[in-house]
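Welcome, and please open your viewer. We will go from stop to stop, selecting a few residues each time and looking at what surrounds them.

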Amino acid sequence: MTALIRLIAVSGVATVAAMAPAGAALAQQMGGELIVVQGSNPPSLDAMNTSSGASRNINMNVYETLYGFNENVEPIPILAEGVDISEDGLTYVFTLRQGVKFHNGDEMMASDVKASMERYRKVGATGTLLEPVANIEVTGDYEVTFTMKAPTPTFLEAFSSPRAPAVIIPEEDGAAEPGKTSLVGTGPYKITEYVPDSHVTIEKFADYSQDMDHEGMDGFGGKKTAYLDTVTFRIIPEPGAQVAALEAGEVHILEAIPAPAARRLEGNADIEIQENLQWAFGTLILNVNEAPTDNVKFREAVQVALNMEEIVGIAAEGVFELNHGWTYPNSIYNVGDIGANYYNQGDVERAKALLAEAGYNGEEFSILTDNSIPFHGRSAVVIAEQLKAAGINAVINQVDWPTALNLRMQDTGWNGWTLTMGIEPYLGPAAIVSTLTGARPHFVKNDPVLDGLYQELIAGATPEARKETFAKIQEQLYTYFGIIKLGDTGQLQATRSNVKGFKTFRFPRVYDVWLEN
């Protein structure tokens, strides 16, 4: 059993059984207002331009993509009817669903798709997403053709990524600067109000075009039904206040509930707890462009100084699994013990020797973290104390989540950044490595070796070939030390018992959810 399962089994927390399959005889009810709680503001409601989970929670109910993942993390068409890939792998012809309406009432056409993709090239938060594409052409009113620079067997999987999704927006928004679109999409709900530090309200889109090729929702796609009149995403930063609001019946869904609160509420008939296993990788990202973390021996010292069991155990409140690998253990890309000799060492003497080799002289090591995502702040505190024990002058700069996202984009002014990577491990190796390569890697300065291995990875013709490349990538990550894996974390979610149809996923899907009177 995983640590998360063990925790729930021992504590007796009741988990919700899998929801009835699409088409089952459920008494769905139309209407009502659902209130979902999350801990931080969405940095942007411009879905292309942010990889933030706080934004994704809302945006993925509002916008849609040509392709996305189903429940089994396999690409399926959403706004496309399908794609015809040429034998040489150089041409992708996407045929669009007809009759799909934008929230402004206009029909989605091929020109909208082209404008959306060209905008994504300029402002998309996953810079490598369209990098393999040489040209995008409108080849019919409902047909768009991508011409590739070279065969890229992993393109469709990468293109389906929801990390910073390549959503389709109206052509007139194609030239909009980041954050300045009309917030119009094609999804089952449309944005009607955003009050920062308070809430975002989305409203049922009456002219939503369902994908009738499916019986019900399937991952990010399928046949989506908006039962609710409105959904309000309330921003409540303090976890205790979130839980109190749930207990009082003021809100319906908590995106995340602390494990101690989940254990306490196990006997409450009005509340149900769901578990979301293998939710995220806890990481510490190092700025290789800023002293002292510009020195690889210093970065290696940070790696070996850390006791991951203590860090993640405290930060994740016991809902964790120790794992040195850059995939989940059950992944077909799991490459075994590579890097294990550097993981969970807590070796102060070895760290001090490496610091001496690096010529470290007490320079400040600034840890950027936030007060919105509990794991981030708690892990920063434990990391700082462990590094101080090794002789590193660690200080914490704690800010709110949007500010942290802005500061980490600066080339200087920080040395470490605590981040839970959720979407990327879910999607697999290409998604993980894409954040560490390209125009703006997480650790600021590119590693040419890793950049080259990423290109080799996405060109791998078979899963076996890609796994061989990923073994080299994991070895390089434990050579360059630009990012440090802390461990795997899980997430617990809570709903009021009158919330029906809710199924835990990578974001709170509020379509196919209704309130029981």
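A residue is called buried when its relative accessible area is under 20%. Keep that cut-off in mind for the first stop, and note that this is a predicted model.

**Stop 1: L492**

Select L492, which sits in strand β19. Is L492 buried or exposed? Its relative accessible area is 4%, and because the cut-off for buried is under 20%, L492 counts as buried. Now add D213 to the selection. These two residues are 279 positions apart along the chain, and their C-alpha atoms are separated by 32 Å.

**Stop 2: helix α8**

Strand β19 comes up again here. Select residues 308-315, which form helix α8. Which residues of this helix are buried? They are M308, I311, V312, G313 and A315. Show what covers them: the cover includes α7 (296-305), β15 (320-321), α10 (374-389) and β19 (483-496).

Next, look at the two ends of the helix. At its start, a side-chain oxygen of N307 comes to within 3.1 Å of the backbone nitrogen of E309. Just after α8, E317 has a positive phi of about 55°.

**Stop 3: the nonpolar cores**

Select V302, L306, W326, F365, L387, W417 and L486. These are the residues with the most contacts inside the largest nonpolar core, which has 68 residues. Then keep V302 alone and show its surroundings. Setting aside residues up to four places away in sequence, V302 touches L284, F365, L387, I392 and I484. There is also a second, separate core, made of 66 residues, and L79, M117, F146 and I423 are among them.

**Stop 4: M108**

L79, from that second core, is also one of the residues touched by M108. Select M108, in the loop between β5 (91-96) and α3. M108 is buried, with a relative accessible area of 0%. Beyond residues up to four places away in sequence, M108 touches L79, L96, R97, V100, F102, Y142 and I168. For a distance to try in the viewer, pick the C-alpha atoms of M108 and D141: they lie 9.5 Å apart in space, with their positions 33 residues apart in sequence.

**Stop 5: R119**

Move on into helix α3 (residues 110-123) and select R119. How much of R119 is accessible? The relative accessible area is 1%, so R119 is buried.

What does the side chain of R119 reach? One partner is the backbone oxygen of A176, at 3.0 Å. Another is the backbone oxygen of E177, which lies 3.1 Å from a polar atom of the R119 side chain. Leaving out residues up to four places away in sequence, the residues touched by R119 include D46, M48, G124, I169, D173 and T181. The stretch G174, A176, P178 and G179 also supplies contacts to R119.

**Stop 6: N41**

Select N41, in the loop between β1 (33-38) and α2 (53-59). With 12% relative accessibility, N41 counts as buried. Show the side chain of D197 as well: a polar contact of 2.6 Å joins it to the side chain of N41. Apart from neighbours within four places in sequence, N41 is in contact with A54, Y194, P196, D197, S198, I235, W401 and P402.

**Stop 7: the empty spaces**

Rolling a probe the size of a water molecule over the atoms shows where empty space is left. How many cavities of 30 Å³ or more does a search of the whole structure find? The search finds 2.

- The largest cavity holds about 40 Å³ of space. To see its lining, select A47, T50, S52, S55, R56, N59, M60, P162, R163 and P165. These divide into 4 nonpolar, 4 polar and 2 charged residues.
- The second largest cavity also holds about 40 Å³. Its lining is M60, Y63, E64, T65, I78, F220, K224 and Y511, with 5 nonpolar, 1 polar and 2 charged residues. M60 lines both cavities.

Finish at an open space, the second largest pocket, with a volume of about 1000 Å³. Select E255, W279, I373, T420 and Q491, which lie nearest its centre among the 48 lining residues. By class, that lining has 24 nonpolar, 16 polar and 8 charged residues.

Key. Residues are numbered from 1 along each chain as its sequence is written. This is a predicted model: local features need pLDDT of at least 70, side-chain atom pairs count only at pLDDT 80 or more; totals for chains, interfaces and linings use all residues. Side-chain values use heavy atoms; hydrogens and water are left out. On a 1 Å grid over the protein atoms alone, a cavity is a set of points where a 1.4 Å probe fits but cannot get out, and a pocket is an open set with protein on both sides within 12 Å along at least five of seven lines; lining residues have an atom within 4 Å of a point. Grid points are joined across faces, edges and corners, and a volume is the space filled by probe spheres set on the points. Ala, Val, Leu, Ile, Met, Phe, Trp, Tyr, Cys and Pro count as nonpolar, Asp, Glu, Lys and Arg as charged, and the others, Gly among them, as polar. A nonpolar core is a set of buried Ala, Val, Leu, Ile, Met, Phe, Trp, Tyr and Cys residues joined through side-chain atoms within 4.5 Å. Buried means under 20% relative accessible area, exposed over 50%, partly exposed in between (1.4 Å probe, protein chains only). Contact means heavy atoms within 4.5 Å. Helices (H or I, at least four residues) and strands (E, at least two) are DSSP runs, numbered from the N terminus. A polar contact is a pair of N or O atoms within 3.5 Å; within protein, one must be able to donate a hydrogen and the other to accept it, and residues adjacent in sequence count only if both atoms are side-chain atoms.
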